[in-house]
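Me: I have a model open on my screen and would like to learn how to read it. Could you take me through its features step by step?

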Amino acid sequence: MATNMVTSLSSKGFLQKKQSDKDKRSFILIPTDKAIQLVEETYQDYFTMISTLHKKMGEKNFSELVRLLEDANHILLEEKRNG
């Protein structure tokens, strides 16, 4: 699965593979400028959305949203572990 993901990201221009000097069987994965730009843009969009929610919902409702999301993540992780 990891190989397929790396191959896909490489073919889309998001990763470069560099062979390890110490172990020729291993590769170092290096994000491309395209990948770095995507992460920066996604982070900025996410940060803006979360800031807007925080501002418009108010502290109490926003804290409740965060608590509910944490609960939901915990439930989903348990389901994933238990199959």
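Me: How many residues apart in helix H2 are Tyr43 and Phe47, and what separation in helical turns does that give?

Reply: Happy to help, and please keep in mind that this is a predicted model. The general idea comes first: an α-helix has 3.6 residues a turn, so residues three or four places apart point the same way. Here, Tyr43 and Phe47 are four residues apart in helix H2, and therefore about one helical turn separates them.

Me: What kind of aromatic pair do Tyr43 and Phe47 form?

Reply: A pair of aromatic rings is described by the distance of the centres and the angle of the planes. The structure holds one aromatic pair. That pair is Tyr43 and Phe47, and it is stacked, with 6.0 Å centre to centre and 20° between the planes. As for cover, Phe47 counts as partly exposed because its relative accessibility is 46%.

Me: Let me step back to the whole chain. In what order do its elements run?

Reply: Starting at the N terminus, the order is α-β-β-α. That makes two helices and two strands in the chain.

Me: How does the radius of gyration of the chain compare with that of a compact globule of 83 residues?

Reply: The way to read this value is to set it beside the one for a globule. A compact globule of 83 residues would be near 12 Å, but this chain has 19 Å. Along the principal axes, the C-alpha atoms fill a box of roughly 55 × 35 × 20 Å.

Me: What share of the residues counts as buried?

Reply: Of the 83 residues, 8% count as buried. The chain exposes about 7,500 Å², and carbon and sulfur atoms supply 60% of that area. Contacts add to the picture: among those between residues at least 6 apart in sequence, 3% join residues at least 24 apart.

Me: Where does helix H2 bend, and by about how much?

Reply: A useful check is to compare the end-to-end span with what a straight helix would reach. H2 has 50 residues, yet its end C-alpha atoms are only 39 Å apart, whereas a straight helix would reach 74 Å at 1.5 Å a residue. The bend is at Gly58 and amounts to about 125°. Just after H2 comes Gly83, with a positive phi of about 75°.

Me: Which residues does Met57 touch, leaving out those up to four places away in sequence?

Reply: Met57 touches Phe62 and Leu65. Met57 belongs to helix H2, and it counts as partly exposed because its relative accessibility is 29%.

Me: How many of the ten residues of helix H1 are buried?

Reply: One of them is, and helix H1 (residues 2-11) is hardly covered. Thr7 lies in this helix. With a relative accessible area of 47%, Thr7 is partly exposed. Just after H1, Gly13 takes a positive phi of about 85°.

Me: How far apart in space are Thr7 and Leu38, C-alpha to C-alpha?

Reply: It helps to put separation in sequence next to separation in space. Thr7 and Leu38 are 31 residues apart in sequence and 18 Å apart in space. For Ile30 and Thr7, the C-alpha distance is 13 Å with their places 23 residues apart in sequence counted the same way.Me: What does Ile30 touch, not counting residues up to four places away in sequence?

Reply: Ile30 touches Phe14, Leu15, Gln16 and Lys18. This residue is found in strand E2, and with a relative accessible area of 31% Ile30 is partly exposed.

Me: And Thr32: is it buried or exposed?

Reply: Thr32 counts as buried because its relative accessibility is 13%, and the cut-off for buried is under 20%. Its place is in the loop between strand E2 (27-31) and helix H2 (33-82). Leaving aside neighbours within four places in sequence, Thr32 is in contact with Gly13, Phe14, Leu15 and Gln16.

How values were computed. Residues are numbered from 1 along each chain as its sequence is written. This is a predicted model: local features need pLDDT of at least 70, side-chain atom pairs count only at pLDDT 80 or more; totals for chains, interfaces and linings use all residues. Side-chain values use heavy atoms; hydrogens and water are left out. Buried means under 20% relative accessible area, exposed over 50%, partly exposed in between (1.4 Å probe, protein chains only). Contact means heavy atoms within 4.5 Å. The expected span of a helix is 1.5 Å times one less than its number of residues. The bend at a residue is the angle between axes fitted to the seven residues ending there and the seven starting there. The radius of gyration is taken over C-alpha atoms; the globule rule is 2.2 Å times the number of residues to the power 0.38. Accessible areas come from the Shrake-Rupley method with a 1.4 Å probe; for residues, only the protein chains shown count as cover. Rings of Phe, Tyr and Trp (its six-membered ring) pair if their centres lie within 6.5 Å; planes under 30 degrees apart count as stacked, over 60 as edge-to-face and the rest as tilted.
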